[in-house]
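Here are some notes to read alongside the structure. Please keep the sequence at hand and look up each element as it comes up.

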Amino acid sequence: MIPIRLTIEGLYSYQKRQIIDFERLTQAHLFGIFGQVGSGKSSVLEAISFAIYGETERLNTRDSRGYNMMNLKSDNLLIEFVFESGISHRRYLATATARRNSKRFEDVGTIERKAFVDSGGRWLPVELAVLEEAVGLSYANFKRTIIIPQGKFKDFLELGATDRTKMMKELFGLEKYDLADKAARLSKANDLRKENIEGQLLQLGEISAEKVAEQKLLIEAKRLELARAVEKFEEAQKQEATMAMLKDLFEQQLEVQKAYAVCLAQGAGMQQLEQQLKHYESCLIHFKGDLESQQKFKISIRSLSEQLEADKAQKQALQAELKAKEVEIELLKVKNEGRDSLLKEADDLEKRIQIAQLTTDLLNLRARLEKGEKMVANNVAKVELHQKAIADVSERVKQHRGQLPDRNVLALASAWHTKNDLLLKQQEVLQKEMANILEESKTVASSVRSILEKDVLKGYSGDESFSSIRLWIANIISREKESRNNLKEQLRQLEVHAKLKEYAASLIQGEPCPLCGSTEHPSIISINNVDYELQQAQATEQLQEERLSQIQKAELLLVAVEQQLLAVSRRSQELAANELELKKMLLEHQREFKWDDYRQLEALNSAQQLVLQLDKQVEEQELRRDVEDKLLKKALEDGTTFRNLLETIRREHSEKESAKQTLLSQLTNREVPTADNVDTLKKQAVAIRMEVAQTSKLLEEALALIAKQQQELGNIDGRIHANGVMLQKEQEMAETLAKQIADKLEAMGYASVDEVAAILSLPMDVEHERRRIETYRKELQTLSDRITQLASEIGDRSYNAQEHLQLVQVLAAIKVSITEFNQEIGRIGSRIEQIERSLAAQKQLVADLNIVKVRGEELTLLKNLFYRSGFVNFISTTYLQNLCAAANDRFYRMTRQRLSLELNDDNNFQVRDYMNGGRTRNVKTLSGGQTFQASLALALALSDNIQKMQSADQNFFFLDEGFGTLDKDSLGVVFDTLKSLRKENRIVGVISHVDEMQQEIETYLKVVNHEESGSLVQASWE
């Protein structure tokens, strides 16, 4: 993760918006953020952490985080953080915003966080979880490896083994090696599979191929019986089919004869229906259309007559209304003739009202002009005061800067003194170490003497060289081993004698000897004192073994002392070479000094202190000048505003005075009304205009209405004429149609129109009735033909119902037998298939069971391997050992080859102290500076691993404080380490209030907490 830009507003001490360009900072690879304690340096890191993770080191959700994070002088909180991540350098934007309730100061809403990803120059919204995925670290590990807040730098060093292992799992994805649960699940599933197979085998029971053969013989016998039954059934079925067909013919003959009789009975009705249908069709063709037309004429004549009467009545009413409206119009015209004189009177009243209003406005404007001129004069004085204050401050700043010593000279002299102190201290340490080596060599020599003074080695008279002593000890060990072998042979013989004594004591005359088998024992051996001699020899052997063991231990101790002496000798040679090199460096360093004014460190410190004091005074004066600049800018802006406003007032006064004189010149009566009677004049003018408008409106409405009524009267006259003509034509056509209908009635023999209407009113569906008649004729003919056909088919045959019933019963009995045979055959066949399937399943299950048993053994082995995260802990330990080895490369150099980090058996860090014989001790015994050095080395090693894991071409981490615990020497070593990181394509940010750090780092941000403006960020390049 590489930061690009951070915007902060309203966060903690940051009142105004501050934008930090990290691209300028990261280009330097090593940069700093400096400022006094409480200036707001650490808030920069907290803003980054909160934007990405929504977490802060100081506050949690129970601490009213929104209220406490927002600056007390601000109403809005804003964090915008842009960073890039991964080998593709994809950019991400994390934002956090909140707003204070304008009515309740303590009410600050929930801080809203959002996430975006860059896509072709556009920010596309994404889920918040994408930010953590892009960084590749949880919040806990982020603050241990990337942004390390105050007081948290040594967390990783002092974490417990469990927490450190958990962190390693999260950082390097080691959970993929935690396969214990998966192995257990697989083993459980395998056990369940085994139990299932064994259960299935139990359910199958005892089955064999002999049972299949037995069932197949049984099924063949049943099939023979079934064939015989089927043959009988087919013969009987043919006979029954013949009798069933004859029965059906006799039944059909009876039914057809009955239907024919019914059909003959309907003949008279069908003839009558045919006659009615003939009359109905004749009337439908000749009269229906004419009668319908005659009815339409009647309706049309009646409607036209009614419309004529209505139009005539409306015409009379409209003519009377027109006469009344014409009288009203004449009255309104007379009243409207005085309109111009009334409007002129109203205009005159309104002008007098405007003059009165302008007079009042001019008085107000004169008062505003006087007040504005005073404000402009005061503003001029204020501008002059601020300009003088700015000139005074600039002069003081110039004086202070003139008193400043040359910073470059101070920096070079300070670096010389720092390096000189470091070299002198290294020389002092080297001398102490050489003295320690001398003492250690004396201690080793005394150790050799103490070894030779042991009882088992007394009597040595040679020189004290290790080769002579080792040779002498080897000779002693050789003699001791030879003596031990002789003693063992003596012991073996004594043990044989003791066994022979036991055999001799157990011999009984007449019983066989256990060695030779003889039953006679003429000369039994006699052995005395063998037990005592055996005990004495065994005691001597034990003493000899103890003496040999002591000699061998002394030999091993001598080897260890020899190795220690060799190490002391090598270290002594290294120290002598280092001392010579250091003297050369000191001599060369003394030659490099060329600043006589700062030969003494006190003079240099005084000059640096003077620089700090003058810088502080210059900063205070510049802040004061900024305040005066803002006040002057405000005064100048106010002056411009006041003058513009004054000019506007003058212009408005002139315009209103001109308007007043113009209105006065237009009045015939120059009397200006007072404020008391202005309202009365307004009411009079309004009343006059309302009266004129009302009269005009009434006249216009009356004229419009009379025009509309005249138009409507013309429309009515037109309708009366048109409807009269149409009525006459309809009456003539109705008379002609009535004569035609009468002629048809006479020609066709109908008595009247009513008779025809009665026929047409019948509910007669012509097509339907015609189809009924046709259907009847066809059905009668069909039944007659069928009767003849059935008589021919039956011939002289007869049907016996009793014989037919008996045959049906025989068929049913045979059919039941066939069904039972089929069912039995099916059951036997199913049984055979079941046995064959069971045999195949049994064979497969046995094979599966063997496979499952082998897999169970393999899974048991895997479970034991992964039990209690053993494999993960092993991998974590390997990663941690590699991390420790990488960290030691720097830690060993930082401590000038005095200390190194190691892991104990519990995976906790310990320190090997080469100043104390290379012994190990707990990391908690380190001093504050040494703890910082160890933590820095581990942090750099972690950062390297994370860079490789994320395939990033650069890595970055931020370090907040920790430098205050270091002395000048350690600070110099740490700073040299940090500067060397530039060559490793690494970016390191440092937050500190230590002055020496600020003098050494060229690219930095300075944070100043101003009382009025809050924390302000100043870049070194601005």
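1. Helix α2, residues 42–53, lies across five strands: β1, β2, β4 (76–85), β5 (90–99) and β6 (112–119). Its direction is at about 80° to that of β4. Bear in mind here and below that the model is predicted.

2. The strands under discussion belong to an open sheet of six, in the order β2-β1-β4-β5-β6-β7, and the pairing is antiparallel. β2 (18–21) and β7 (122–126) are the edge strands; each has a single partner, so one side of each is left without a neighbour in the sheet. On average, neighbouring strands of this sheet are turned by 20° against each other, with direction ignored.

3. At the β2 end of the order, look at how the pairing is made. Strand β1 covers residues 2–9, runs antiparallel to β2 and is joined to β2 by four bridges. One residue pair to find is Arg5 and its bridge partner in β2, Asp21.

4. Another open sheet has three strands, ordered β9-β10-β11, and its pairing is also antiparallel. Its edge strands are β9 (899–903) and β11 (919–922), each of which pairs on one side only. From one strand to the next, the twist averages 40°.

5. Within that sheet, β9 pairs with β10 (residues 909–913) over five bridges, in the antiparallel sense. Leu899 stands opposite Asp913 of β10.

6. Next, a pair of helices. The axes of α10 (residues 267–286) and α18 (residues 753–760) come within 9 Å and cross at roughly 115°. The crossing is left-handed. Which residues meet there? From α10 they are His279, Tyr280, Cys283 and Leu284, and from α18 they are Val756, Ile759 and Leu760. By class, this contact has six nonpolar residues, one polar and no charged.

7. The last point concerns the second largest pocket, with a volume of about 630 Å³. Its lining consists of 21 residues, and those nearest the centre are Ile437, Glu440, Tyr914, Gly917 and Gly918. Two elements, α13 (407–452) and α15 (530–591), give two or more residues to the lining. Which of the elements has the largest share of the lining? It is α15, with seven residues. Sorted by class, the lining of this pocket has seven nonpolar, eight polar and six charged residues.

Conventions. Residues are numbered from 1 along each chain as its sequence is written. This is a predicted model: local features need pLDDT of at least 70, side-chain atom pairs count only at pLDDT 80 or more; totals for chains, interfaces and linings use all residues. Side-chain values use heavy atoms; hydrogens and water are left out. Two strands pair if DSSP finds at least two bridges between them. Axes are lines fitted to C-alpha atoms, for helices over the stretch in contact, and angles run from 0 to 180 degrees between N-to-C directions. On a 1 Å grid over the protein atoms alone, a cavity is a set of points where a 1.4 Å probe fits but cannot get out, and a pocket is an open set with protein on both sides within 12 Å along at least five of seven lines; lining residues have an atom within 4 Å of a point. Grid points are joined across faces, edges and corners, and a volume is the space filled by probe spheres set on the points. Ala, Val, Leu, Ile, Met, Phe, Trp, Tyr, Cys and Pro count as nonpolar, Asp, Glu, Lys and Arg as charged, and the others, Gly among them, as polar. A crossing is left-handed if the near helix is turned anticlockwise from the far one by less than a right angle, and right-handed if clockwise. Contact means heavy atoms within 4.5 Å.
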